[in-house]
Structures are given as C-alpha cells and as structure tokens.
Amino acid sequence: MKEIFTPIVDIRRKVFKEVALLAYENKELELEKLASKIVEDQDNKITNKKREKALILERIRLALGLDVSSNENPFDEDKDREDIKGEKNVLKLPLVNVVSKACMQCEENTVFVTNNCRGCYAHPCSEVCPVDAVYFENGKSVINKDKCVRCGRCVEACPYNAIVKYDRPCKASCGVNAYTEDEEGNAKIDYEKCVSCGQCIVACPFGVVSDKSEIYQTIKAIQNNNEVIAEIAPAFVGQFGKGASPEKIKEALIKLGFSDVIEVALGADMGAVFEAKHFIEKVKTGEEPFLATSCCPSWAVMAKRDYPDIAPYVSPALTPMVATARVIKENHPNSKIVFIGPCSAKKLEANRRSVKSDVDYVLTFEEVAGMFEAKGIDVDSFEGERLDDATAAGRGYGYSGGVTKAIVGAINKLDPELEVMTDRADGLKGCKKILTLAKSGKRNGYLLEGMGCPGGCVGGMGTLISQAKGEKEIKGFENKADKKEAYENKYVKEIDEAGIDDGKM
C-alpha cells in the first residue's frame, strides 16, 4: 500500500509540510487550528471529522517530536510550545506510536465469510473444518469464532474465494510480533520486541501509527546559523521526482540551508572493507562460525536480542551512517549532522548513547519532501555538480544483495583465492529464517546479509517511490561511479595505508 498515493499518504505529507512551515515562518503553535485546517483540506475524503481531527492533531505533535497524548499525558498546547523551543532535541522513546484514541480496533487473526458465499450444496468449508466451527444460516456458511482455530482450511477449500483470513494490518506487517492489544481492543506495541522498522506505519490503512520526527529541530538548527551538514543514504536516488538527479538533490538540500551534502555510501565503502577483513581474519580461519552484516539497525538489534548465542558474530563495524558522520566531524568538529534516509530505525540508532555525539538528527525522504514543499523548492529545477564521494559498491547498500556484493568484492580484492558462501534476507520474517539456520550451525562459513525492510532500504517506510523503481534508480547511479569496488575509495585507501581501523574509527 506504500506505493499507492492514498488520502493517508496525502495527510502524512501535509503534516510534514505544515510542521516545516511552523519552523520556517516562526509561527506560534496553534495545533488544534492547524489540525482543523488539514481536515478541511481533506473534506471530500473524510467521513468522521471529529476522529480525524484528533488523529491529525496527534500526528502533528509526533511530527514535532512530542509524545502522543493519553489519559496519563493529556494534550497541553502551552506545554508543547515550551517543549519544542529553539532547536532543542526533544525526541524521546518510544519512537513508533499508536494513536489509541483513533484506533479502529481491527480484529486479530480472523477467518470471515464474505457475502460472496453462494450457499453451494458441496459445503467443502464445513467438510474440511477440523473443529466443526462452520454452520449454516439460510443455506450460507457462518463461522463460530469461539470454535474456530484459524487453520485456514476453509479458506483454501471454498471454490468462490468467499472466505478470507486476515489480521490487523499493523500486526501482520510486524516481523517481530510486537503487536498486542490493550484492554479496550486498541492496537498496542510491545516495545521490548519492537525494532522500529516502521513497516506498521505504512501498513495501517487508518493512519493511526506514526513515528516521531525531527523536522522542526533540524530547521531551527539551520536558522540558528549552525554548520548543518546532511549525509544522505544510498537509497536517495530517484526519490524526489523523475528528473531529480543525485546532483540536483544535493543542490536542493543546500538551498534548504545545509552547508554540504555527503553520500553515506562513503561509510558503506568503509564498512565493506572492514567486514571483508573481518571475514578473512575470523571466519576463514574458523575462529568465528560466520559473519552477519550490521548496516541495518532493525536486523542487527533483532539478531543480537533474539539470538544471543550468535550475537557475537554480528559485525562490530560501524554502520555507514555513523562511519560517514565521523568522517565529516573529523573535518567539521563543530558541525551538526543530519542523516537523511528511508528508515525510522535510524532514528532509534541515532538515539543511542554511543551515537548521539555523531548524528544529531535523522530525517526520512518523506519528511525532507515536506521541507522542500514548504519552501517551494522544485528539485528538478537545479543543476548541481557531480557527486563523487563513493564507489559503486557503497552505493549498492540501498537494496537487498548490494551489501553482500560490496563485501564479497572487497574480499576478492584482498584474498582472490577465497570462495565466499553467502545468504541474505530482506524483511524481518525472512531475516529470522537465516538467523535460525545460523543458530543451528547450517550457515557456518557464510557471510550473512540482513535487511529489515522488503527489498532492503528501498522498501523503507520513509521512501517516496516503489521498491522496484528505487532499486533500478540506484543501479543506474552505481553504473555512473568512476570506481567500482569499495577498496578503490580514495578515503578508504588513505585510512588503510595509515593503519586506521576504518570500521570502528
């Protein structure tokens, strides 16, 4: 559904634009009025204005980085004004939130007979049911939910496809089973399990799940004459319009007020070489059974938390976001760093104590698009100079398989005779499968790549284009790189020759 421009997507992007305008125009916070304005803009699409106004109000507050209101934390506009003064970073956990007051209380794991039931004489649905949960009213099938064990046999048996099995969309999209429900039947997130991948945000057709944003704080940091430098994730290619080349995107970001824009693919090149060395030194020698990549925070957090026995074999390399930020801060020690990417989990990563000093703010592509719109910036109208921060290998980190390709390429450079066995998965459910195989000893000697979102970063919740199109755009950008392998990156060569540990600088 992420690839369809629905009214929910429209509202989400209008909220980002309006929050950006609040910052750019130094407007007084009048959040209820702003929520009413957005509701009126959507008048022909909204059936319950009261519910939608309450939801949009909370989405605005979350976009300002504030906690969602509740009985324990009632809405207080004066307090909100105080909390977001200046450029103060108010982003606190939890990152992903359910607006309970607007939750539609969807049923969990339900088998349902639709009105497409024809009342056929064969009744295969009742014949295959192992618990006699199917009965008939006026010749048509009905399911006794108290008896039903949700095995799905009746769904498969119906010749008219009249029986469906479904779950809460948010819960169905969650690869770590973090969704439960509260006493009232509202969706509830178990934060002990959640890894903030954000797939539930785009899955909910009512828009009641959202993460917090740092749009307002980023703009204030720029307005306060800080040196604010953007580092942009490899998946950025093609995200801001058909004619928006990487060069144009860079110039548009500078027009927003960023001092410079650096490709995070630089840090990916560094990580690829570090992990190649690690594989040769540890896995080839048998000291460690395998090496799992660490660039995706959702995958890495899940692997370390849910599979503690194999946690030591998740790469200790810095993620490309952090490695790039540290390179920038070497030359600009007083700068503020803003990571721009497709991912809500990066906000969680940047919130870690060990990373806070490296990355100040995290924005998604969708949030940045709101900033462009607020400033009336047409990305396609710029020219821009050619980007040359990284190799094709580092740029490939934006899609599933690209990380493996980069690391194997570096291994082949360092040890041409070594044959590398690999396995990879995208989406947290798929990631669990290869971690389970690794735990059982069936992936010894392997390089394992895990990406929390479908298709990799191109399937992240903060993207603006389809997964397939995003991957195609990145591959086109890869082909334009002067250098192909991570080891050819000029910066990687310099730190390698200097004997610096480029994975943990």
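Two strands pair if DSSP finds at least two bridges between them. Helices (H or I, at least four residues) and strands (E, at least two) are DSSP runs, numbered from the N terminus. The model is predicted: local features need pLDDT of at least 70, side-chain atom pairs count only at pLDDT 80 or more, and totals for chains, interfaces and linings use all residues. Residues are numbered from 1 along each chain as its sequence is written, and side-chain values use heavy atoms, with hydrogens and water left out.

**Exercise 1. Lay out the sheet that holds strands 9 and 12.**

Step 1. Start with one pair. Strand 9 (residues 228-232) and strand 12 (residues 336-341) run parallel and are joined by 5 bridges. Within this pair, Glu-231 stands opposite Phe-339.

Step 2. Extend to the full sheet. It is open, has 4 strands in the order 10-9-12-13, and its pairing is parallel. Strand 10 (260-263) and strand 13 (361-364) are at the edges; each has a single partner strand, so one side of each is left without a neighbour in the sheet.

Step 3. Get the twist. Axes are lines fitted to C-alpha atoms, for helices over the stretch in contact, and angles run from 0 to 180 degrees between N-to-C directions. Neighbouring strands of this sheet are turned by 25 degrees against each other on average, direction ignored.

Step 4. Add the helices. Contact means heavy atoms within 4.5 Å. Helix 10 (residues 246-256) packs on the sheet and touches strand 9, strand 10 and strand 12. Its direction makes about 145 degrees with that of strand 10. Helix 15 (residues 365-374) lies across strand 9, strand 12 and strand 13, at about 85 degrees to strand 13.

**Exercise 2. Build the sheet around strand 15, then find the burial of that strand.**

Step 1. Order the strands. 3 strands form an open sheet, 11-15-14, with parallel pairing. The edge strands, strand 11 (291-292) and strand 14 (421-426), each pair on one side only.

Step 2. Count bridges. Strand 14 and strand 15 (residues 446-451) pair over 6 bridges. Strand 11 and strand 15 are joined by 2 bridges.

Step 3. Find the register. Leu-448 of strand 15 stands opposite Asp-423 and is also the bridge partner of Ala-292. Gly-450 of strand 15 stands opposite Ala-425.

Step 4. Trace the connection. Strand 14, helix 18 (residues 428-439) and strand 15 make a right-handed β-α-β unit. Right-handed means that, with the strands pointing away from the viewer, the path from the first strand over the helix to the second runs clockwise. Helix 17 (residues 402-414) lies across strand 14 and strand 15, at about 150 degrees to strand 15.

Step 5. Check accessibility. Buried means under 20% relative accessible area, exposed over 50%, partly exposed in between (1.4 Å probe, protein chains only). In strand 15, 6 of its 6 residues are buried. Tyr-446, Leu-448 and Gly-450 point one way; Leu-447, Glu-449 and Met-451 point the other way.

**Exercise 3. Test the length of helix 11, then describe its packing on helix 13.**

Step 1. Compute the span. The expected span is 1.5 Å times one less than the number of residues. For the 19 residues of helix 11 (residues 265-283) that gives 27 Å; the end C-alpha atoms are 25 Å apart, which agrees.

Step 2. Check burial. 16 of the 19 residues are buried, so helix 11 is largely enclosed by the rest of the structure.

Step 3. Take the crossing. The axes of helix 11 and helix 13 (residues 320-331) come within 7 Å and cross at roughly 110 degrees.

Step 4. Classify the angle. Under 35 degrees counts as roughly parallel, over 145 as roughly antiparallel, 65 to 115 as roughly perpendicular and the rest as oblique. Helix 11 and helix 13 are therefore roughly perpendicular.

Step 5. List the contacts. Leu-266, Gly-267, Ala-268 and Met-270 in helix 11 meet Pro-320, Ala-323, Thr-324 and Val-327 in helix 13.

**Exercise 4. Find the backbone exceptions at Pro-94, Asn-109 and Asp-132.**

Step 1. Set the baseline. Most residues other than glycine have a negative phi, and most peptide bonds are trans.

Step 2. Inspect omega. The peptide bond from Leu-93 to Pro-94 is cis, with omega near 5 degrees. Pro-94 lies in the loop between helix 4 (77-83) and strand 1 (96-98).

Step 3. Inspect phi. Asn-109 has phi near 45 degrees and is partly exposed at 30%. Asp-132 has phi near 55 degrees and is exposed, at 58%.
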